[in-house]
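Here is a short tour for the bench. Have the structure open beside you as you read.

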Amino acid sequence: MEAILSLAIGLLTASGVWLILRPRTFQVIIGLSLLSYAVNLFIFSTGGLRIGAAPILEPGTAGDLAQHADPLPQALVLTAIVISFATTALFLVVLLAARGLTGTDHVDGRETDQ
Amino acid sequence: MNSWLDHLAIAPIVIPLLTGAAMVVVGERRRMIEAGLGVASTLLLLAVSIALLRMADSTDQAMLRVYRLGDWPVTFGIVLVVDRLAALMVLLTSILGFSALIFSLARWYRKGAHFQPLFQFQLMGLNGAFLTGDLFNLFVFFEVLLAASYGLALHGPVVARVKAGLHYIAVNLTASLLFLVGVSMIYGIAGTLNMADLAARIPAIPAEDRALLEAGAAILGVAFLIKAAMWPLGFWLPNTYSAASAPVAAILSILSKVGVYAVLRLWLLLFGDTAGDSAGFGGSWLLFGGLLTIAFGSVAVLATQHLTRLAGASVLVSSGTLLAAVGTGQVAITGGALFYLASSVLAIAAFFLLIELVDRGRELGADVLAVTREAYGDETEDEDAQEEVGIAIPAGTAILGTSFLACGLLLAGLPPLSGFLAKFAILAPLFGPGQDGLSLTGWAILIALLLSSLTTIIAVARAGINAFWKPAAEAAPSVRMTELGPIGFLLILCVILTVQAGPVMRYMEETAQSLHAPRNYIEGVFTGSADAGTGGRP
């Protein structure tokens, strides 16, 4: 399971990095989205990968991570998803404004000499 | 202690949040109410931050106040921590917020939508980032202040602003992702995100996990250094700052200091002398990165042809100076660096505001023309040389010129203003009685600081000559009191910093000492407000 997850994170990161280095704004925004997926999976995995761990403690048991899933990374990833969703939406607006004002979707606002 | 005083620590976050929300409800049609709310909020923030500063500086031995949200125990809940450094940064934020807001009331806030609420949320994010006591909330407040700054940087959109804003947002979104990776790596190893808890646990991290922890901290550091614009991560800064409108650029000038603050706080807390095997991790990166940033900034200062880019480049110089000074890891130098931080934040903000007034009434591209004329010789130079003996200088130009001179002195660090004292305070410990001769890094810092002063004074003098020594035929720019007032306020504060250098320096030195010996911080957070907060204040 670890291998599959780390492969997935690595693949998403690599694609994301490649895309944000591209010259078109749409590629940049897709790249940022892929990167944020990779980061979200990464945060999620820091709690340890386990199947079937209880989300909440049974009454009367000791509070130990051996008995239940680590709730903190889940809370973190939830926050990170919300924030990256909001900032991506904001970036999309700026991207459209730049497209409208400069007439091109190049990230520098002008085409490079062909 | 009164019960409302206990809640003072959260006031710098709640006041702008509520004001911003109220402004959204009031709507932009009723400008007078909106402006009134803004001024009231920033004045209140100023009062609160002065109170917090006095509280943090009070002589009782618990030097910090810990505010536990929802009264959860420290390791489970979220804490806000007010110590000397946080109180100082919050005070600087409110001073800049107040000045920039007053300045914007003259005309800037009408140039686009929702300036006032965004401005309040910006202040909220800044204050939150300075006050928070755990890493994840640092991330959240970073996002709040960045989201607001994205809106503000695009305020009154012109094409250049949107283009620079696009780069700014893309760079900072990537930096935020790095921030998250760093935070989650640290959590995965240490099992906590509370800064004090983290500092307490780091010495006990087993050796096989240490490399991973340090990698996480380094990724986190990269995220902060992008904000602080360390070379080579700071190429976005001059573009964004010079494209932003004047009051926004003034408030942005503390935004780059948020990165410096985070480095200062976390590096000294997590990798201070008590960190076991990790002590001093990354210090040389800060030092040399800072020196390279000074070098890059100095060249950029000389190479710029626009006043706004000159100001942006001097932000780079100031960031570099701070990082290099912090990177030495000496208590006395950190004290000087904090003094420099206060002085340079005020001076750069005043400079950004001033530039807008100076540029007003000059034709577009006048700076570039002037530099070109210098290079190729001016044909019209001696036409009216023998014409006038004495020239009446219009009052507006005189005030602007004097302020420009003051800003130049402050930025370059020449006497008699506080910029000189700040650089002196950084350099003096290098020659202190404990040192026999200068070390190599000492020489490097000395040379870098002096050279950056030289290039700044050359660039500012050239820009000033072009802007002010011109035929009186050109109309003096029309300025209002609401625009000159904030600049005067910021410069007078610099003068006060100079005159009251003794008490201010004592405060900075105590701040540096508590940063370098974070035991008080850690213990204070753990014992919480139980005794540290409510303990015997007169």
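How are H7(B) and H10(B) oriented to each other? They are oblique to each other, a class for angles outside the ranges under 35 degrees (roughly parallel), over 145 (roughly antiparallel) and 65 to 115 (roughly perpendicular). This is a predicted model, in which local features need pLDDT of at least 70, side-chain atom pairs count only at pLDDT 80 or more, and totals for chains, interfaces and linings use all residues. Residues are numbered from 1 along each chain as its sequence is written, while chains are lettered from A and ligands numbered from 1 in the order in which they are written.

**A helix pair in chain B**
- Helix H7 (residues 159-190) of chain B packs against helix H10 (residues 236-243) of chain B at about 140°, with axes 9 Å apart.
- Among the H7(B) residues that meet H10(B) are Ala160(B) and Tyr168(B); in contact means C-beta atoms, placed from the backbone, within 7 Å.
- By class, this contact of H7(B) with H10(B) has six nonpolar, three polar and one charged residues (nonpolar: Ala, Val, Leu, Ile, Met, Phe, Trp, Tyr, Cys and Pro; charged: Asp, Glu, Lys and Arg; polar: the others, Gly among them).

**An enclosed helix**
- In H5(B), 17 of the 17 residues are buried, so this helix is largely enclosed by the rest of the structure (buried: 20 or more other C-beta atoms within 10 Å of the residue's own).

**Where the chains meet**
- The contact takes 26 residues from chain A and 22 residues from chain B.
- On the side of chain A that touches chain B, H3(A) gives the largest share, 15 residues.
- That side of chain A divides into 20 nonpolar, six polar and no charged residues.

Technical notes. Axes are lines fitted to C-alpha atoms, for helices over the stretch in contact, and angles run from 0 to 180 degrees between N-to-C directions. Helices (H or I, at least four residues) and strands (E, at least two) are DSSP runs, numbered from the N terminus. Two residues are in contact if their C-beta atoms, placed from the backbone, lie within 7 Å. A residue is buried if 20 or more other C-beta atoms lie within 10 Å of its own, exposed if 12 or fewer, and partly exposed in between; C-beta atoms are placed from the backbone.
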